[in-house]
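Below are my notes on the model you sent round. They go from the order of elements to the sheet, the helix packed on it, the hairpin and the whole-chain figures.

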Amino acid sequence: MQIERFDFLRKEFSSYEIKFSEDGSSVEIINPFCNENVKVEYIPEDDFTPYIVYFAFQHCHMCDEEDIIDYINNIINGKVFSIEYFNNDTRCFGGDITAEELKDLSYDTLEQNTGYYGITKLKDCADSFKLRGWHSDHNFDAVFVTDEDGSITIKKLN
């Protein structure tokens, strides 16, 4: 078991419960507020980005320990959230969204920041989304609603 490769996480996040996989290839930082934990996996065969950081629906390929620490701290401090788009309850795509972007959350701002598949209209590929953060008070599911004028708004479900 080679958990030494995760010493930088153990030191930085010592105030959290940390669980190591049996084979030492991954570590999980346990979220005391909800069930959205951060998992970091190490893949030695990947010469460029051997670490994968998972949170909620998302994952990031990373190579630098400082970047990993910064990213996890941004999640824990409520600066970064996971957002995943769905169409008929099927996952489509997702990414990160910042706390700053959440302040003025609207369909238009989401559409401007998406463009994942080069589709000009977000509604053409997704009918809903889920937002998840370290603290569950910001977590919600939402659908896109089109009114009779063709305007699209966000309706939070929970």
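1. Read from the N terminus, the elements follow the pattern α-β-β-β-β-β-α-β-β-α-α-β-β-β. The chain thus described is a predicted model, and it holds 4 helices and 10 strands.

2. An open sheet is built from 5 strands, in the order β1-β2-β3-β4-β5, with antiparallel pairing. Its edges are β1 (18–20) and β5 (58–62), each of which pairs on one side only. On average, neighbouring strands of this sheet are turned by 20 degrees against each other, direction ignored. As a reminder, strands of a sheet pair through backbone hydrogen bonds, in either a parallel or an antiparallel arrangement.

3. Within that sheet, how many bridges join β3 to β4? There are 5 between β3 (residues 38–42) and β4 (residues 51–55), and the two strands run antiparallel. To fix the register, take V38: its bridge partner in β4 is F55.

4. Helix α2, residues 65–76, lies across four strands of the sheet, namely β2 (26–29), β3, β4 and β5. The helix runs at about 0 degrees to β4. In the order of elements, this helix comes after the run of five strands, and two further strands follow before the next helix.

5. Towards the other end of the sequence, β9 (residues 140–146) and β10 (residues 152–156) pair in the antiparallel sense over 5 bridges. V145 has T153 as its bridge partner in β10. The two strands form a hairpin with 5 residues between them. Which residue in the turn has a positive phi? That residue is G150, with a phi of about 90 degrees.

6. For overall dimensions, the C-alpha trace spans about 60 × 30 × 25 Å along its principal axes. The accessible surface of the chain is about 9200 Å², and carbon and sulfur atoms contribute 44% of it. Of the 158 residues, 38% count as buried, where buried means under 20% relative accessible area.

7. On contacts, pairs of residues 24 or more positions apart make up 38% of those in the chain with a separation of 6 or more.

8. On charge, the chain carries 14 positive and 32 negative charges. How far apart are the mean positions of the two sets? They lie 4 Å from each other.

Terms used:
Residues numbered from 1 in each chain as written. Predicted model: local features only at pLDDT ≥ 70, side-chain atom pairs only at ≥ 80, totals over all residues. Heavy atoms only, no water. Pairing = 2+ DSSP bridges. Axes fitted to C-alpha atoms, helices over the stretch in contact; angles between N-to-C directions. Contact = heavy atoms within 4.5 Å. Buried < 20%, exposed > 50% of the residue type's maximum accessible area, 1.4 Å probe, protein only. Areas by Shrake-Rupley, 256 points an atom, 1.4 Å probe, with all protein chains shown as cover. Lys, Arg positive; Asp, Glu negative; His and termini not counted. Charge placed at Lys NZ, Arg CZ, Asp CG, Glu CD.
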